[in-house]
Amino acid sequence: MEIFRAPRVFLIARPEFLEPEHLRVEWRGDATAGERLAEFAGRICYMSQHNPASRTTAEYLENIKKQGHGSVLEHAVYVLLIEGISRSCSHELVRHRAGFGYSQLSQRYVDESHAAFVVPPAILGDATLESEWERHVAEAQAAYVRVVEALMQRYVWVADKGHRRKMAREAARSVLPNATEVKIVVSGNARAWRTMLELRCGEGAELEIRRMAIACLRVLQREAPALFSDFEIYVADDKQEAARVAYHKV
Ligand SMILES: Cc1cc2nc3c(=O)[nH]c(=O)nc-3n(C[C@H](O)[C@H](O)[C@H](O)COP(=O)(O)OP(=O)(O)OC[C@H]3O[C@@H](n4cnc5c(N)ncnc54)[C@H](O)[C@@H]3O)c2cc1C
C-alpha cells in the first residue's frame, strides 16, 4: 500500500506573453511572461507603456497589489498538478470557485483497489497512531475490493462491462476513507491563487490543506516572485508551517 506523507506539486503550465509590436512596454528588470503579461494589462488601463516612473516589473506589480488593482493579475494563469492529497483535502480545495478550474481523478472510473492513502499531518511521526491508522485504511481498501467483486456479480446481467464496472466502483467507493489519495489538475489565475493561498496557508486552515497550500505557494513563488513574494512562510505555534500575506485579497 502506497502511503503519502506530503503532497507533490508540479507546475505544468505557465503563461506565454506575445507582446504586440505597436504597444511595446519600456520594461525594467527581469520578469517572467506571466508577470509581464500582468504588467502589460495594467499599463493598458492608463496607456503608460513608456513607464513614466521607471518601475521594474516587480515594483510595478507591488504597487498594483498595494492599490488592490488585482484584476490585472487574472490574466496570468498557472496550472499545477497536485498529487498526494486526500479526498477530504481536495474537497476543501474545490470550494475555491472564482478563477479556478479542476480535473480530479474519478473514483467512478478508476479502480481504487491499489489506491494510495495520505497520512494526516497530525498523525505523522507517532508510530503507534500511524500503524493503527494504516490498519484501518488497509481494512477499508480490502472492503472496497470485496464490494466491487460482489457488485460485479450482482449486476452480471448488465451487458456493457465498462458500465457494470462503473456501477460497482461508484458504489464501492463509499467505503473508502477520506484519506484516499487523489490527483488533481488545478488551473487558476494569479489573483485566484492568492485568495486561496491566503485562506489556506493561514493558521486557521485544516493542517493537510495548509501543508498543500504552502507547497503550492513555494512553487508559485519560485515561478512568479513578483506575483507571490509578499507571502511570508513561517513556523506557527503549532509547529506547522503557515504563511501570512502583506496585501490582503487584492
Ligand atoms: C479555515 C476555513 C474553514 C472553513 N470551514 C468551512 C465549513 O465549516 N463549512 C463549509 O461549508 N465551508 C468551510 N470553509 C470553506 C469556505 O466557506 C469557502 O467555501 C472557501 O474558503 C472558498 O472561499 P470563497 O467562497 O471565498 O472562494 P471563491 O469561491 O474562490 O470566491 C472568491 C471570492 O469571490 C467572491 N465570490 C465568489 N462567489 C461569489 C458569489 N456567488 N457571490 C458573491 N461573491 C462571490 C467572494 O469575494 C469570494 O471571497 C472553510 C474555509 C476555511 C479557509
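**Exercise 1. Locate Q107 and describe its surroundings.**

Q107 is found in the loop between β4 (100–104) and β5 (117–118), where helices (H or I, at least four residues) and strands (E, at least two) are DSSP runs numbered from the N terminus. The model is a predicted one, in which local features need pLDDT of at least 70 and side-chain atom pairs count only at pLDDT 80 or more, whereas totals for chains, interfaces and linings use all residues. Residues are numbered from 1 along each chain as its sequence is written, and side-chain values use heavy atoms, with hydrogens and water left out.

*Step 1.* Decide whether Q107 is buried or exposed. Its relative accessible area is 6%, so Q107 is buried; the word means under 20% relative accessible area, while exposed means over 50% and partly exposed lies in between (1.4 Å probe, protein chains only).

*Step 2.* List the contacts of Q107, a contact being heavy atoms within 4.5 Å. Once neighbours within four places in sequence are left aside, Q107 is in contact with R87, E112, R169, R173, L176 and T180.

*Step 3.* Look for a polar contact, that is, a pair of N or O atoms within 3.5 Å; within protein, one must be able to donate a hydrogen and the other to accept it, and residues adjacent in sequence count only if both atoms are side-chain atoms. The side chains of Q107 and E112 make such a polar contact, at 3.2 Å.

*Step 4.* Compare sequence with space: Q107 and E170 are 63 residues apart in sequence, yet their C-alpha atoms are 6.6 Å apart.

**Exercise 2. Follow the contact from Q107 to T180 and describe T180.**

*Step 1.* T180 lies in the loop between α5 (161–172) and β6 (181–189).

*Step 2.* With a relative accessible area of 0%, T180 is buried.

*Step 3.* A polar atom of the T180 side chain lies 2.7 Å from the backbone oxygen of P177.

*Step 4.* Beyond its neighbours within four places in sequence, T180 is in contact with I85, S86, R87, Q107, E112, A115, A116 and F117.

**Exercise 3. Find the backbone oxygens that the side chain of R210 reaches.**

*Step 1.* R210 has its place in helix α7 (residues 207–223), and with a relative accessible area of 1% R210 is buried.

*Step 2.* The side chain of R210 reaches the backbone oxygen of E203 at 3.4 Å, and a polar atom of that side chain lies 3.1 Å from the backbone oxygen of Q240.

*Step 3.* Not counting residues up to four places away in sequence, R210 touches a set of residues that includes R200, E203, A205, D238 and Q240.

**Exercise 4. Describe how the ligand is held against the protein in this model.**

*Step 1.* The residues around the ligand, each with a heavy atom within 4 Å of it, are R95, H96, R97, A98, L199, R200, G204, A205 and K249.

*Step 2.* Oxygen atoms of the ligand are 2.9 Å from an N or O atom in the side chain of R95 and 2.7 Å from one in the side chain of R97, while a backbone N or O atom of A98 lies 3.1 Å from an oxygen atom of the ligand.

*Step 3.* The protein covers 44% of the 930 Å² of accessible area that the ligand has on its own, areas coming from the Shrake-Rupley method with a 1.4 Å probe; for residues, only the protein chains shown count as cover.

**Exercise 5. Summarise the whole chain.**

*Step 1.* The protein chain has eight helices and eight strands.

*Step 2.* Of its 250 residues, 46% count as buried.

Note on methods. Contact = heavy atoms within 4.5 Å.
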